[in-house]
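Work through the exercises below with the model open beside you. Try each task before you read its solution.

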Amino acid sequence: MVGEIRSAMQLDMQKDREVTDRQTVTGEAFVMNDIDSGEQPAAVPSTNGNCGIVRRPAALLLMVTFLVAGCAAKPEPVAEPDPHASDPSDPQPESQVETPSQRPARRVTRLFWQDRSDDSLKWADLKRGDDWQLEPAVVEGFPKLDVAKQDLVQMAIIDDTLLVGVRDEEDGQFQSGWVAVETGVVEIPHGDHSHWKYPAAPKVSAKQLDKEQGNPAHLYVYGDAFWLANDRLDGFTRFVIGSEEGQPLESQFFQGGGNHITLAAVDDIVGYSTWIDGGGPNAGRVDVVDLRSGQNEAPAYTFTLPSGIVHGATVNSGRVYFAPADGICRVDADLDLKESADSVEVHHISLGTDEETEKPLRTGAFANHRNWVLFSTGSADSLALGLIDARAPSEQVVKVPIDVADGLSLVTPKVVRTRGGKRYAFLFQDRKEGDIQEKLTIVDLDPNGDRDFADARVTTTLPVGASKVEGHFGHHGICFAPNGKFAVVTNPGDGTLQVLSLEDLEFEATLQVGGTPSAIGSTGG
């Protein structure tokens, strides 16, 4: 009986992770109204949003798990040590002295965040005792960047490796590329959940910064690989965790896409890489790439979307979605590479029309959870969270209206399933100008628990600290502890992190870290 219950639990968890953990979780945090369908935007991405975390399947040593539940097995004769308790032998940024009256601090997760004040990567173990604690430090070996000429862009985590892109202001001719970091966190699978060990402090394991990296902007995670868009090289690089000691990453470059690339990679078989051009021969262009081919081979074929300025791509349930100037376009994933420019069928999904400008509405980046594709869309008083069921025979857009005041912009949603099984989407309302209060809107995706998000609704909106938006940078970020109990929000404008309970959706603490914290991620529970 216990085996049957555990099998059922694991099957349900596997379905929950089918898309969220295998697809992009680090897509660009698109800000509604920042991209006008009438002209090409600057080729600089937002670094807002949580850093994605992907665990390999159990057969690859580390099992994907974000939910911590109690063991169903009988207790062992010898009790295991508490995996969350602080180990005095674990490396820490700075030692902390406890008084006898203090409750012992328990580690909740390890945080990594970008500090735009000096373009560094900071880290800290978030702990909870009588109060919340962390001691920020710079990741060991992280390169000193030129704040005036370089920017950290998107970052993601797979297993114990974090990858972050570096972009320069000289079209890739100064120093652009990437930095890889060993997180110092190890996952130990325990049936339907995991324990975590922290044997080392994080440190840089590899980096490549030069004039040959193509000025990357977007970084994705599909399957067990990082995918870095090398915009000025008209292609992208796949990174996988190295199989040999001393080789942290193995890479392969593919031709496809250009200018400001967005990318969807399907089952490590076929890639869809876009061009952002709004006019000319590459407007609406999508290159279809055989990911099993040799390095530097030309795309298998190319097709064109009805409109250009393509600023987002993702894959869900065998369908590939794009974000051009008009609505959303979708094609079926061509895993056999049997289609051609003439035969591929492009489906257009309208998002409506702006009542004031009469221009078509659009989006610019996607998030995935199970079989649902999520995005922000609309303008002025029509801003909304949009949802599409990727398994539906005919896609229909579900819109959840969100009240956004003038002067605020709605950014790309981030999604989590909590320890208690609730599914939420988080959307920041970031300030474009003035001193209006910025907010975080939380949408209950599945109020009745039937996994159909058609009844999604706003559950609460919370005030947050200040952003520090400069172009596409300086937005709020959010990440989620793998145990599904807490989220952490960055406030770039006031140098703080806020800890949010995912049980009661209330902030529990505001922690001063200084600088300009923006993109953030976490690993370990």
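## Exercise 1: a residue in a loop

Task: Find what Leu 351 is in contact with, leaving aside its neighbours within four places in sequence.

Solution. Leu 351 is in contact with Gly 327, Ile 328, Leu 361, Arg 362, Thr 363, Phe 375, Thr 377, Val 397 and Lys 399. Keep in mind that this is a predicted model. Next, place the residue: Leu 351 is in the loop between E23 and E24. Now take one partner, Arg 362. It is eleven residues from Leu 351 in sequence, and the two C-alpha atoms are 6.4 Å apart.

Task: Decide whether Leu 351 is buried or exposed.

Solution. Its relative accessibility is 2%. Buried means under 20%, so Leu 351 counts as buried.

## Exercise 2: the same loop, another residue

Task: Classify Glu 355 as buried or exposed.

Solution. Start with its place: Glu 355 is in the loop between strand E23 (347–349) and strand E24 (367–369). Its relative accessible area is 74%. Exposed means over 50%, so Glu 355 is exposed. Finally, look around it. Glu 355, Glu 356, Asp 381 and Asp 406 form a negative surface patch.

## Exercise 3: a charged pair

Task: Describe the salt bridge between Asp 332 and Arg 330.

Solution. Side chains of opposite charge can pair when their charged atoms come close. In the Asp 332 and Arg 330 pair, the closest N and O atoms are 2.7 Å apart. Check each end. Asp 332 is partly exposed at 47% relative accessibility. Arg 330 is buried, at 5% relative accessible area. Then widen the view: a network of salt bridges links Arg 319, Arg 330, Asp 332 and Glu 395.

How values were computed. Residues numbered from 1 in each chain as written. Predicted model: local features only at pLDDT ≥ 70, side-chain atom pairs only at ≥ 80, totals over all residues. Heavy atoms only, no water. Patch = residues over 30% accessible without salt bridge, like charges linked within 9 Å, V, L, I, M, F, W, Y side chains within 5 Å. Areas by Shrake-Rupley, 256 points an atom, 1.4 Å probe, with all protein chains shown as cover. Salt bridge = Lys/Arg side-chain N within 4 Å of Asp/Glu carboxyl O. Lys, Arg positive; Asp, Glu negative; His and termini not counted. Charge placed at Lys NZ, Arg CZ, Asp CG, Glu CD. Helix = DSSP H or I, 4+ residues; strand = E, 2+ residues; numbered from the N terminus. Buried < 20%, exposed > 50% of the residue type's maximum accessible area, 1.4 Å probe, protein only. Contact = heavy atoms within 4.5 Å.
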